[in-house]
Protein chains: 2
Amino acid sequence: MRKTRGHAVIAQGGGPTPVINSSLLGVVLGMDLRLDRSSQIFGALGGIEGVFQEEFQDLRSFTNNHWKAIAASPGAALGSCRRKLSREEAKEAVKILRRHDIRFFFYIGGNDSMDTALKMDEAARELSYELQVAGVPKTIDNDLVETDHCPGYGSAARYIAQSAIDLGADIRSLPTPVSILEVMGRNAGWLTAATMLARKRLDDAPHLIYVPEHPLSEDQFLDDVSRIYDRQGWVVIAVSEGLKKPDNQSWGLNRGHVGQDNFGHSLQGDVAASLASLVSARLKLRARSEKPGLCGRASSLLVSSLDHREAHEIGVFAAEQLVAGNSGFMAGIVRVDQQPYQTDFTIVALKKVANHEKLLPPEYVSKGWNDIRPHFRDYVRPLIGEPLKHYPLLPE
Amino acid sequence: MRKTRGHAVIAQGGGPTPVINSSLLGVVLGMDLRLDRSSQIFGALGGIEGVFQEEFQDLRSFTNNHWKAIAASPGAALGSCRRKLSREEAKEAVKILRRHDIRFFFYIGGNDSMDTALKMDEAARELSYELQVAGVPKTIDNDLVETDHCPGYGSAARYIAQSAIDLGADIRSLPTPVSILEVMGRNAGWLTAATMLARKRLDDAPHLIYVPEHPLSEDQFLDDVSRIYDRQGWVVIAVSEGLKKPDNQSWGLNRGHVGQDNFGHSLQGDVAASLASLVSARLKLRARSEKPGLCGRASSLLVSSLDHREAHEIGVFAAEQLVAGNSGFMAGIVRVDQQPYQTDFTIVALKKVANHEKLLPPEYVSKGWNDIRPHFRDYVRPLIGEPLKHYPLLPE
């Protein structure tokens, strides 16, 4: 293979996934193969912040063993950030890269990171600087458009579905009649929907699934819970942390003056705790909430091997495409076949992806917006890789 | 072996653990070996409630494969309950057992179950009915006295310590500077203390550990968090769900009129959410909370093989002792040696165990009551069995 000359910078943005470092390694190996020995591969430490701070780490010097361990670790190995750039700032960032003679820039991230990548690409054109920019998708929320799914989602889905099975085994065996499992995802219900994989028998948990794409009224919620409780005496519910009331207020606990963080973002979550209180108060049933939270996107023990492999391969693919001359794209996944599951990679213009959000399509949700329809399994099952662990009951 | 004649009943009480069914199988096999073929081994369904309802299931008829799967499942396979008996009720229960000609009764459970077992034993003597009663310990809280540790604790400790590692990997890599991990345990800090196993490097999570044995003031908490944050820019905190303020009020969220469930128990928990709000409001730091809750005691993926084996063996031991003529005891674990870890079983009078609670001894806790001292590792490390999964950092 004819080697290319030019330094590269890779950065990781937004919330980590259990396989974000697998993509990092994919990009590094993909570039290592294609760049000549005079070209350096840097990691920007702390996402795009690392570019502004000019904190670059040489990634070509690590041993294979070290890389293997890094690739199997949760958390963003390079460090991450949540900074959104203005056009001016993007220009600033490109100028810094120009000063370091960087020709290739990769951003591994979600919606916001794709916006940053897009602005960097545009700024480079504006400055007539030959910088090539690629986005590599990662998000447990699975909410990027123009890709069948996002690396990171399959592993997080496996974790939360297994947690729903475990919780069901516990709750069905003792008289805490109601347990509410809170699942990450502010606007998109993909991850919450994945808890449907926990079901094998008719009465398996979860019995109700609420995604954030549709508001939930107090009356419907209490009716739903009562109905299931009357039928079988125990209820496990999966709710998205972003679930809203009909007036568009969060179902989360009202924290008064501490309802916003110092960035002005309203604090999400604790929706399950709030709903559990409601069940206790109104239905007089013992109810509790569980919220694995970040543990669910950081567990390396439930990584889907398929997810891990795809995350790696999409990184290699992005490197290949960038060196081949493409720029301003995000690498995407196309599902070519379902039986057996087969995918291909593609490139998508960043401007089609940045700032867009792929919500869970209504056809996957039951009419009452309180459950996920069975055919969602066809979509999500391949992504979680290894089978879930189901438990037997005593014979009747 | 000379076979004994007499029917047996086994029940499971209180909250399940990931290995409670391993003890169940141990008792069944222990009895199966010692009872003649005319003797039956029943499971009471739903704990002591199953005795009152006379819901008995024949446990001798299951296949080995089925038992193997049951023993590896979380949740109480026989069903459980939280009923505490009066002396009169205990007499009632014994009369029911007498009517079924039951001679052996096992209760697998924690403090409350040991109280039930004790009362049953006393009621039988009072009624001059030859019933032999054994308690088999299980609790993730590890708070039973007269035993080195309790089956169930090792696995739950492994789950929560691994969760602390995972959370640390996530939080250290992105700027959500503070995350608070809520750990089960109302009065005893054993499980919260086990998060100290997550630490390998100097700056590893968790950086602060608060157990419920000592109250925590707002000032101390904010000082502690600020100090760690100033030092390294990110903080992971482990807190017990039972953590109290100096005025003995729970640190949990004040839920007003829904602060009690229908049994009059105050609703525990959401201590981490409450502390995260406080950090946001007072320190102006982005803070969040995670609360795996019941998922932590129901996960079969992080079962400690040692815990699983001990849970089984203590069940066999209890059966052996009961058939040998002992009654009114709980089987306990004695740590015989530390290097290598070696244990023995013993029997302890139920009256020494029932209604007692073993709190975390102060010598394991740092002077400021905000951390666990290093030598606690000697106690807890053997119990979690398989090693935790630690992650590498990028080389400096």
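Modeller: Helices here are DSSP runs of H or I with at least four residues, and strands are runs of E with at least two. By that count chain A of this predicted model has 13 helices and eleven strands.

Biologist: What makes chain A agree with a compact globule?

Modeller: The rule is 2.2 Å times the number of residues to the power 0.38. For 396 residues that gives a radius of gyration near 21 Å, and chain A has 22 Å, so the two agree. The C-alpha atoms fill a box of roughly 70 × 50 × 35 Å along the principal axes.

Biologist: How much of chain A is buried?

Modeller: Buried residues make up 63% of the 396. As for contacts with a separation of 6 or more, 76% of those in chain A join residues 24 or more positions apart.

Biologist: Fine, let's get specific. Why is A:Asp121 called buried?

Modeller: Buried means under 20% relative accessible area, and A:Asp121 comes in at 11%, so it counts as buried. A:Asp121 lies in helix H5, residues 111-126 of chain A. Leaving aside neighbours within four places in sequence, A:Asp121 is in contact with A:Leu131, A:Val133, A:Ser327 and A:Gly328.

Biologist: And why does A:Ala93 count as buried?

Modeller: The cut-off is under 20%, and A:Ala93 has a relative accessible area of 0%, so buried is the word. A:Ala93 sits in helix H4, residues 87-99 of chain A, and, neighbours within four places aside, it is in contact with A:Val51, A:Phe52 and A:Met120.

Biologist: Over to chain B. Why is B:Lys84 partly exposed?

Modeller: Partly exposed is what lies between under 20% and over 50%. B:Lys84 has 43%, so it gets that label. You'll find B:Lys84 in the loop between helix H3 (64-71) and helix H4 (87-99) of chain B.

Biologist: How do you know that B:Lys84 touches B:Asp112?

Modeller: Contact means heavy atoms within 4.5 Å, and B:Asp112 is on the list for B:Lys84, along with B:Glu89, B:Asp115 and B:Asn355, not counting residues up to four places away in sequence. B:Lys84 and B:Asp112 are 28 residues apart in sequence, with their C-alpha atoms 6.6 Å apart. That C-alpha distance is a separate value from the heavy-atom cut-off.

Biologist: Why is B:Lys284 called exposed?

Modeller: Exposed takes over 50%; B:Lys284 has 52%, so it qualifies. B:Lys284 is in the loop between helix H9 (271-283) and strand E9 (287-290) of chain B.

Biologist: What makes the backbone of B:Lys284 worth a mention?

Modeller: Most residues other than glycine have a negative phi. Phi of B:Lys284 is near 55°, a positive value. B:Asn142 has a positive phi too, near 60°, and it is found in the loop between strand E5 (132-137) and helix H6 (153-171) of chain B. At 0% relative accessible area, B:Asn142 is buried.

Biologist: Which peptide bond in chain A is cis?

Modeller: The one from A:Ala205 to A:Pro206, with omega near -5°. A:Pro206 is in the loop between helix H7 (190-193) and strand E7 (208-210) of chain A. In chain B the bond from B:Ala205 to B:Pro206 is cis, with omega near -5°.

Biologist: How much area is buried between chain B and chain A?

Modeller: About 5,600 Å², with carbon and sulfur atoms giving 60%. B:Arg286, B:Leu294 and B:Leu394 supply 13% of the area that chain B buries against chain A, more than any other three residues. The contact takes 73 residues from chain B and 74 from chain A.

Terms used:
Residues numbered from 1 in each chain as written. Chains lettered and ligands numbered in written order. Predicted model: local features only at pLDDT ≥ 70, side-chain atom pairs only at ≥ 80, totals over all residues. Heavy atoms only, no water. Buried < 20%, exposed > 50% of the residue type's maximum accessible area, 1.4 Å probe, protein only. Buried area = accessible area lost by both parts, 1.4 Å probe.
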